[in-house]
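Reader: I am new to protein structures and would like to learn how to read one. Could you walk me through this one, feature by feature?

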Amino acid sequence: MKYLDFISPKTQFYQLSKPFSLESGEVLIGVQVAYRTWGKLNANGDNGVLICHALTGSADADDWWKPLFGAGKSFDPDQDFLVCSNILGSCYGTTGATSINPNTARIYGASFPRITIRDMVNLQAALLEYLDVKFLRLVIGGSLGGMQVLEWALLYPEKVRAIAPIAAPGRHSAWSIGLSEAQRQAIYTDPNWQGGNYTSDAPPNQGLAVARMMAMITYRYWESFTNRFGREKDEFNQFAISSYLQYQGQKLIERFDANTYITLTHAMDSHDVSWHRKNYQSVLQSIKQPTLVIEIDSDVLYPPVEQQELVDLIPNAQLGLIKSPHGHDAFLIDMEELNEIVVSFRKGLKFCV
C-alpha cells in the first residue's frame, strides 16, 4: 500500500538532525515530519496558528477543514502563518509504523514503539522551532487533535497564547479505552495479522475495516443514522446502514495502515493531562491561556460532560456549543457553525488582527 499516494504535492518534509527521545525513554533516529503551511510568518515570528488533526487525518487541513480557510474566517492566510503537521506515528509522511527503521533497514511495522500525545506535541514543537515560529496565536484541533491542544498549553505555555480543543476530553475514559481495545482486537484477529507482523506489504487488513466500522458508529449519532438510512435496503437487499459501514471500512484500508491505527489508539488511551504531574483538577486549573472548549451535544464518543469539565476547571475557558444530529463527527460536518464559533472567539482576543 502506497500511503504516500495520499499526500498532497504541496506537503513539505523536515528531518530532525538529532535523535528524538520519547516519553517512554526510547529514542527514534532520523525522524521525519510531513507538514503544510499557509500564509507568511511575520518578522516577529508571532503570528503562528497550529492546526492539529484527528486520528486518521493528515497535514492537509485545507482539505478536511476547507470552510474554515479564507479572509475573515477562522484561518486567514493574510493574517496568520498556519501550520498543520502529520502527527508522529501516522502514515502520511511522518515517521511511524510504515517508515523504515534505520537500525534494521526494515519497516517498523508492529515494532514501532509506543508513543504518547506529549511525544506528538514535542515533535510539533521541534518543527515550529525549525520554521522560526516563536509564538502561537492559537492551537486548535478536534478529537485526537484536541488532546494535542491541551498538551500544548501545558508543555509550552510560554509559546501558546490561546487554545481551542474541540470534542476532546482531558483524559481518555474507560468508555473510550474500551472502544479502542475492541477495535484493536478486530485487527489482531485478521488472518493477515500473523502474530503482529503485519506490514504494508501484506494484503489489506480486513480487521482494520471492521475497526473502522466500529469507530464510525461512535463518530455519529442515533438521529444521524436514523434520518439518513432508517430501515432502507440497497439493491442487494442489505440494510443501507450495513452497506455504508462496509464501504467506510474498505475505504479506510485503501489509505491507512493497521499498525498505525494501533499505535495511535494506544496513544489516545494514554491521554491524561495529569499523568506524571499533579492531580487532574490542579493541572487543568494551571492552564492560563484563553480557552475555547467546543462540545457537540450529540457526541457519544466524548460526551458533553467531558467538555463541561474542562470549562469548569480551566480558569479562562468559555464554551462553544455545536448543536447537531451528526455526533462526534459534527466538527468535520457542521463546519460553517464551527467557523462562526471560532471566529467569534478569535475576535475577542486582543492579539488577533
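**Reading the model step by step**

Author: Gladly! Let us begin with one residue: S143 is buried, with a relative accessible area of 6%. Keep in mind that this is a predicted model.

Reader: Why does S143 count as buried?

Author: Buried means under 20% relative accessible area. S143 has 6%, so it falls in the buried class. Along the chain, S143 sits in the loop between β9 (136-142) and α3 (144-155).

Reader: Which residues does UniProt list under "active site"?

Author: The unreviewed UniProt entry places that feature at S143, D299 and H328. In sequence they are spread over 186 residues, yet they cluster in space, with a largest C-alpha distance of 10.8 Å. From this set, S143 and H328 belong to the lining of the largest pocket. An annotation of this kind may be inferred rather than shown by experiment.

Reader: Where is H328, and is it buried or exposed?

Author: H328 lies in the loop between β12 (317-322) and α11 (335-347). Its relative accessible area is 2%, so H328 is buried.

Reader: What is H328 in contact with, leaving aside its neighbours within four places in sequence?

Author: With those neighbours set aside, the contacts of H328 include S143, D299, A167 and Y302. Now look from the other side: with neighbours within four places again left out, S143 touches residues including H328, A167, Y302 and I166.

Reader: A167 has come up twice. Where is A167 found?

Author: A167 is in the loop between β10 and α4 (174-188). With 0% relative accessibility, A167 counts as buried. Its backbone is worth a look too: phi of A167 is near 50°, a positive value in a residue other than glycine.

Reader: Which other loop residue has a positive phi, and where is its place?

Author: Take D132, where phi is near 70° and the residue is again not glycine. D132 is placed in the loop between α2 (117-130) and β9. At 46% relative accessibility, D132 counts as partly exposed.

Reader: Next, the strands. How do β9 and β10 run, and how many bridges join them?

Author: They run parallel, joined by 4 bridges. For a spot to find on the screen, G142 stands opposite I166 in β10. Together, β9, α3 and β10 make a right-handed β-α-β unit.

Reader: Which way do the residues of β10 point?

Author: I163 and P165 point one way from this strand, residues 163-166, while A164 and I166 point the other way. All of these are buried.

Reader: Which strand pairs with β10 over 2 bridges?

Author: That is β11 (residues 291-296), and the pairing is in the parallel sense. Here I163 stands opposite T291 in β11.

Reader: One last topic: how many disulfides does a search of the whole structure find?

Author: First the general idea: a disulfide is a covalent bond between the sulfur atoms of two cysteines. In this structure, the search finds 0.

Reader: Why is there no such bond between C52 and C84?

Author: The cut-off for a disulfide is sulfur atoms within 2.5 Å. The sulfur of C52 has its closest cysteine sulfur in C84, at 7.2 Å, and that is too far for a bond. Both residues are also buried: C52 has 1% relative accessibility, and C84 has 0%.

Methods: Residues are numbered from 1 along each chain as its sequence is written. This is a predicted model: local features need pLDDT of at least 70, side-chain atom pairs count only at pLDDT 80 or more; totals for chains, interfaces and linings use all residues. Side-chain values use heavy atoms; hydrogens and water are left out. On a 1 Å grid over the protein atoms alone, a cavity is a set of points where a 1.4 Å probe fits but cannot get out, and a pocket is an open set with protein on both sides within 12 Å along at least five of seven lines; lining residues have an atom within 4 Å of a point. Buried means under 20% relative accessible area, exposed over 50%, partly exposed in between (1.4 Å probe, protein chains only). Contact means heavy atoms within 4.5 Å. Two strands pair if DSSP finds at least two bridges between them. A crossover is right-handed if, with the strands pointing away from the viewer, the path from the first strand over the helix to the second runs clockwise.
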